Amino acid sequence: MNELHLPTVSAAPQRNKIGQRPDLVEQPDQLADMVSSWRELDFVCIDTEFMRSDTYFAELGLVQLSAGQNIVLVDPLVPGMNEALRPLLCDFELPKVLHAGSEDLQILAQYCGAPVNNVYDTQLAAALAGLGFSLAYGKLVAQLCQVELDKGQTRSDWKQRPLTDKQLQYAADDVIYLPEIYHYLDSRLTELGRSDWMRAECRNLVDNASITAEPEQAFNRVSRAWQLKGRSLLCLQRLAAWRERTAIARNRPRSWILKDKSLWQLAERMPASEDELSTIDEMSPGQIRRYGKDLLDVVAEAVQAAQQDIPDRLTEPAGKSYSQVSKKLRARVQATAKRLELAPEMLARKKDIDFMLATHANTGSLDLPVALKGWRYPVIGEALLDEFARHHSNNDSEN
Ligand SMILES: [Zn+2]
């Protein structure tokens, strides 16, 4: 059988019995007992409700679990709940099913003080099954369970107590349908022969959730950082690290401390006085009052730092001479995605192509981003390298 042949779609899962009133667990002992009885299950489903509008760290408001026949809502504000939950989350044997879990995983790891192991993300599974890229839970429930979910509580206050019945029912909905979605998608991926891809994607998701960003690396994420070089780049590195530490210490979003644009200008101009600070874009008098002295100190230190502290230039995006080959690569991704009935983003994203082009433009040699080296290598990575070699030598050799 041709391995690219797509089997007929299995029957969509049957709709779950809803209206089941979820249990709110407020006693760590009770949760610990439940957790030990669940560790024999084939899998559990998890979702969280959290808020992160005015803080650096997300504030966890509720943890929802679907385990066997139980729908359980855990109040994470009760002391000791994190310890009761930890054995479940860290268990290597028991799969934890989540939808679009990257943020939940980070928040749960932070909450429990240990990474979540053995994760199955239904958003990734849906993408690999060809149902669509980055599908929202509600869309997937509508498509596979023929149920329209109420989205009314998305922005409600998850830190208030008591939570309303509406909030609890909404929160429960977020895990009630996960078991059948999981069963459906998992068997679908088995039919398609894509279970290995799924395992690799989920492992990657877990790895990414456990990366704690070094403040010294924060400058890489400031927009247009690559335009700065030499001492200005060092200055940006120091300023971005300062902003990261300040945001953490004050538990405020980065942009509340200082905007990217201000950081970039400070690094470029390296001001030496408060008067000069007032000419920096998007810096308020309040920010100058609060942080002015610190900023001038950071800049002065960067100005006096040893030459060897200056970081290497960052990779510059590829220029216009690469636009032809860029089009060819994207067309190749589109064609392969169509043949496999997958969203193109699942094969290679724009940033993956940009990485290839920029690496070549900066170093003269060709390389693939990590994302295209695993299961994607035989599926698309290798073909992109070929395509690049062919078209770059034909069309762009004069550059
Ligand atoms: Zn939710």
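# A guided tour, starting at Arg 224

Select Arg 224 to begin: with 12 C-beta neighbours inside 10 Å, this residue counts as exposed, because the exposed class takes in residues with 12 or fewer such neighbours. The model on screen is a predicted one, and the backbone at this position deserves a look, since Arg 224 has a positive phi of about 65° although it is not a glycine. Most residues other than glycine have a negative phi. Show the surrounding backbone as well, and Arg 224 will be found in the loop between helix 8 (195-209) and helix 9.

Next, move to Met 270, another residue other than glycine with a positive phi, here near 45°. The loop to display for Met 270 is the one between helix 11 (260-269) and helix 12 (274-277). Is Met 270 buried, partly exposed or exposed? Met 270 counts as partly exposed, because it has 18 C-beta neighbours inside 10 Å, while a buried residue would need 20 or more.

A further backbone stop is the peptide bond from Arg 161 to Pro 162, which is cis, with omega near -5°. Most peptide bonds are trans. To find Pro 162, select the loop between helix 5 (137-145) and helix 6 (165-176).

Now zoom out to the whole protein, whose C-alpha atoms fill a box of roughly 65 × 60 × 35 Å when taken along the principal axes. In cartoon view there are 17 helices and six strands to follow, and of the 399 residues, 35% count as buried. Among the contacts with a separation of 6 or more, 69% are between residues 24 or more positions apart.

Colour the chain by its domain assignment, which gives domain 1 (23-209), domain 2 (215-309) and domain 3 (320-395). The C-alpha centres of domain 1 and domain 2 lie 38 Å apart, and the contact between these two domains takes four residues from domain 1 and five residues from domain 2. On the side of domain 1 that touches domain 2, the residues divide into two nonpolar, one polar and one charged.

For the interior, select Leu 65, Val 74, Leu 85, Ala 125 and Leu 128, which touch the most other members of the largest nonpolar core, a set of 83 residues. Which helix gives the most to this core? Helix 7 (residues 178-192) does, with seven residues, and the core draws at least three residues from each of domain 1 (23-209) and domain 3 (320-395). Centre the view on Leu 65 and, leaving aside its neighbours within four places in sequence, pick out its contacts with Val 44, Cys 45, Ile 46, Val 72, Val 74 and Val 175. Apart from this core lies another, of 25 residues, among them Cys 235, Trp 264, Leu 266 and Leu 277.

End the tour with helix 9 (residues 230-250) and helix 13 (residues 285-304), whose axes come within 9 Å and cross at roughly 145°. Helix 9 passes helix 13 in a right-handed crossing. From helix 9, select Arg 231, Leu 234, Cys 235, Arg 238, Leu 239 and Trp 242, and from helix 13, Asp 294, Val 298, Val 299, Glu 301, Ala 302 and Val 303, the residues that make the contact. Coloured by residue class, the contact of helix 9 with helix 13 divides into eight nonpolar, no polar and four charged residues.

Definitions and conventions. Residues are numbered from 1 along each chain as its sequence is written. This is a predicted model: local features need pLDDT of at least 70, side-chain atom pairs count only at pLDDT 80 or more; totals for chains, interfaces and linings use all residues. Axes are lines fitted to C-alpha atoms, for helices over the stretch in contact, and angles run from 0 to 180 degrees between N-to-C directions. Helices (H or I, at least four residues) and strands (E, at least two) are DSSP runs, numbered from the N terminus. A crossing is left-handed if the near helix is turned anticlockwise from the far one by less than a right angle, and right-handed if clockwise. Two residues are in contact if their C-beta atoms, placed from the backbone, lie within 7 Å. Ala, Val, Leu, Ile, Met, Phe, Trp, Tyr, Cys and Pro count as nonpolar, Asp, Glu, Lys and Arg as charged, and the others, Gly among them, as polar. A nonpolar core is a set of buried Ala, Val, Leu, Ile, Met, Phe, Trp, Tyr and Cys residues joined through C-beta atoms within 7 Å. Domain bounds come from an automatic or database domain assignment.
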